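I have a fresh notebook page and a structure to explore. Come and look over my shoulder while I jot down what I find.

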Amino acid sequence: MPMNVQSIAGLPDRINQIRSLTAEIVNREILPRENELWRWRRDGDISDSEKNKSRDARRAIQEKVKQAGLWAPHLPEEYGGCGLSFLEHAYMNEVLAYAIGAAALFGVVAPNSGNQKILLKYGTEEQRKKWLVPLTEGKMQSGFSMTEPDNAGSDPRSIQTTARREGDEWVINGHKWFTSNGLAADFLIVMCRTDDPEGPAETNGKMTQIIVPTDTPGVNIIRGITVWGRSSDHAEIIYEDVRVPVENQLGQTGSGHQAAQDRLGAGRVYHCMNSVGQMWRAFDLMVERASSREVHGGLLREKQFIQGFIADSYIDIQASRLMTIHCAEQMESGADARTEISAIKISVPEAYTRVVDRAIQVWGAAGVTDDLPLAAMYQGARTLRLADGPDEVHKILIAKNVLKQYQAGGSWDFGS
Ligand SMILES: Cc1cc2nc3c(=O)[nH]c(=O)nc-3n(C[C@H](O)[C@H](O)[C@H](O)COP(=O)(O)OP(=O)(O)OC[C@H]3O[C@@H](n4cnc5c(N)ncnc54)[C@H](O)[C@@H]3O)c2cc1C
């Protein structure tokens, strides 16, 4: 079923135009061919000629995306993107995410996309030329290496990986895991606790992000971790006396924590808009099945249990979408949206899990097969509750921000 995308009254023409152009490509070029485009991922044993055919089909779609002026929405034109504003990109994502893997066909592939944003904001002109341009041209791959197996990822203060300055080099030692895309990456942005005996005392021990090419001696990629029963490219990596030039440092010494926050804040809104698009797809699939499957003398849609699923899912999607758009508007206006970001980071993946769960139930056994996108969506939704900061950490943050207002003698303004 194609995604039903119409103009939204009150939105700038440009956003409506982006949504409509994106939907045209998603509905016409991607949805009818999802299996052909992505089967190589699911069935690793397909022949080389079939793999080539599906690669050529993906490239042809990427060309059409470029012609439509929608390539790499997260990057400015001078770096090969189409230079969308934050809000335009957020609205585009709900349409993109309706089709499996469509983001990659529009030039947005995590973690490369997050690294591109960091290189744009914190990189020198030299670093952008060396790392950002080839990343955007698809000539390089990258990863972001922050989480450690022996320390709590939800508390960045616990990071133990060190970078010690020796002459013109940083010498890195540490143990990371869940470095996504780690097996394919040409370089990694590594979060380190820097120690420079000659540097100012106040920055010592603070976080700094450092670019590390994966072919540097001492970068030991141990394995791709098995996730949800499948091998993955989320890599476990031991950094052992890894030496890189000091020019590979991103931004000021000690700016690594802020850079990570910048990356995650916007990313969380994009992820939530993606989840809305995927819920929308799950909803359409659920209603489609309920309207065609006969059980116990009638169509599923005539049963009140199933009508309840439809109503509850409608509420979940509308609430998630409106909260996410509100948060995106706050960010676009430059307001401090940390409370809103944490709220959607918790509530949207929970709603997404519920919506997909109901769709699976309606489809019965077919719902848990790979013939439909629902099983992968279910795993993705569950994973979102951990990645980018687990729910509990965000709840603590919301409560802290709210209580601060009351303790200062004010109260919370839900109208803003
Ligand atoms: C598929 C996937 C991809 C990922 N990709 C990357 C990547 O590319 N790069 C990268 O660096 N990392 C990546 N991660 C790691 C991810 O960011 C971390 O898993 C996440 O930040 C949580 O850290 P942790 O796993 O160490 O859990 P912990 O910090 O050990 O937390 C475990 C649990 O403790 C609870 N908890 C934590 N704090 C509190 C609290 N204050 N009060 C109450 N309960 C609490 C929560 O329930 C939490 O789930 C990825 C993870 C996954 C699953």
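**Entry 1: the main core.** I began inside the protein, keeping in mind that this is a predicted model. The largest nonpolar core holds 68 residues. I looked up which of them have the most contacts inside this core, and found Val26, Ala282, Val356 and Ala359. Next I asked which helices supply at least two residues each to this core. My list reads H1 (13–30), H3 (48–67), H4 (86–96), H5 (102–105), H8 (256–290), H9 (304–332), H10 (338–363) and H11 (374–384). I also checked the domains: domain 1 (13–108) and domain 3 (258–407) each provide at least three residues of this core.

**Entry 2: one residue up close.** I picked Ala359 and asked what it touches, leaving out residues up to four places away in sequence. The partners I noted are Ala282, Leu285, Met286, Gly367 and Leu374. Ala282 is a name I had already written down, as it is also among the residues with the most contacts inside the core.

**Entry 3: another core.** I found a second core, separate from the one above, with 32 residues. Among its members are Ile118, Tyr122, Leu132 and Tyr239.

**Entry 4: stepping back.** I then looked at the whole chain. I counted 12 helices and 10 strands. The chain is divided into three parts: domain 1 (13–108), domain 2 (142–252) and domain 3 (258–407). Between the C-alpha centres of domain 1 and domain 2 I read a distance of 31 Å. The C-alpha trace spans about 80 × 65 × 40 Å along its principal axes. What radius of gyration does the chain have, next to that of a compact globule? A compact globule of 416 residues would have one near 22 Å, and the chain has 22 Å, so the two agree. I also wrote down that 39% of the 416 residues are buried. For contacts with a separation of 6 or more, 69% join residues 24 or more positions apart.

**Entry 5: around the ligand.** Which residues come nearest to the ligand? Of the 21 residues around it, I noted Met146, Ala152, Gly153, Ser154 and Ser180. Strand E1 (142–145), strand E3 (169–179) and helix H12 (391–407) are the elements that give two or more residues to this shell. H12 gives the most, with three residues. Sorting the shell by class, I got 11 nonpolar, nine polar and one charged. Where does the ligand lie? Domain 2 (142–252) and domain 3 (258–407) both give residues to its shell, so the ligand lies between them.

**Entry 6: backbone oddities.** I saved the backbone for last. The peptide bond from Ala110 to Pro111 is cis, and its omega is near 0°. I found Pro111 in the loop between H5 and H6 (112–122).

Then I looked for positive phi values outside glycine. Ala72 has one of about 50°, and this alanine is in the loop between H3 and H4. Is Ala72 buried or exposed? I found 23 C-beta neighbours inside 10 Å, so Ala72 counts as buried.

Phe178 also has a positive phi, of about 60°, though it is not a glycine. This phenylalanine lies in strand E3, one of the elements that give two or more residues to the ligand shell. With 22 other C-beta atoms within 10 Å, Phe178 is buried. That fills my page.

How values were computed
Residues are numbered from 1 along each chain as its sequence is written. This is a predicted model: local features need pLDDT of at least 70, side-chain atom pairs count only at pLDDT 80 or more; totals for chains, interfaces and linings use all residues. Domain bounds come from an automatic or database domain assignment. A nonpolar core is a set of buried Ala, Val, Leu, Ile, Met, Phe, Trp, Tyr and Cys residues joined through C-beta atoms within 7 Å. A residue is buried if 20 or more other C-beta atoms lie within 10 Å of its own, exposed if 12 or fewer, and partly exposed in between; C-beta atoms are placed from the backbone. Helices (H or I, at least four residues) and strands (E, at least two) are DSSP runs, numbered from the N terminus. Two residues are in contact if their C-beta atoms, placed from the backbone, lie within 7 Å. The radius of gyration is taken over C-alpha atoms; the globule rule is 2.2 Å times the number of residues to the power 0.38. A residue is near a molecule or strand if its C-beta atom, placed from the backbone, lies within 6 Å of it. Ala, Val, Leu, Ile, Met, Phe, Trp, Tyr, Cys and Pro count as nonpolar, Asp, Glu, Lys and Arg as charged, and the others, Gly among them, as polar.
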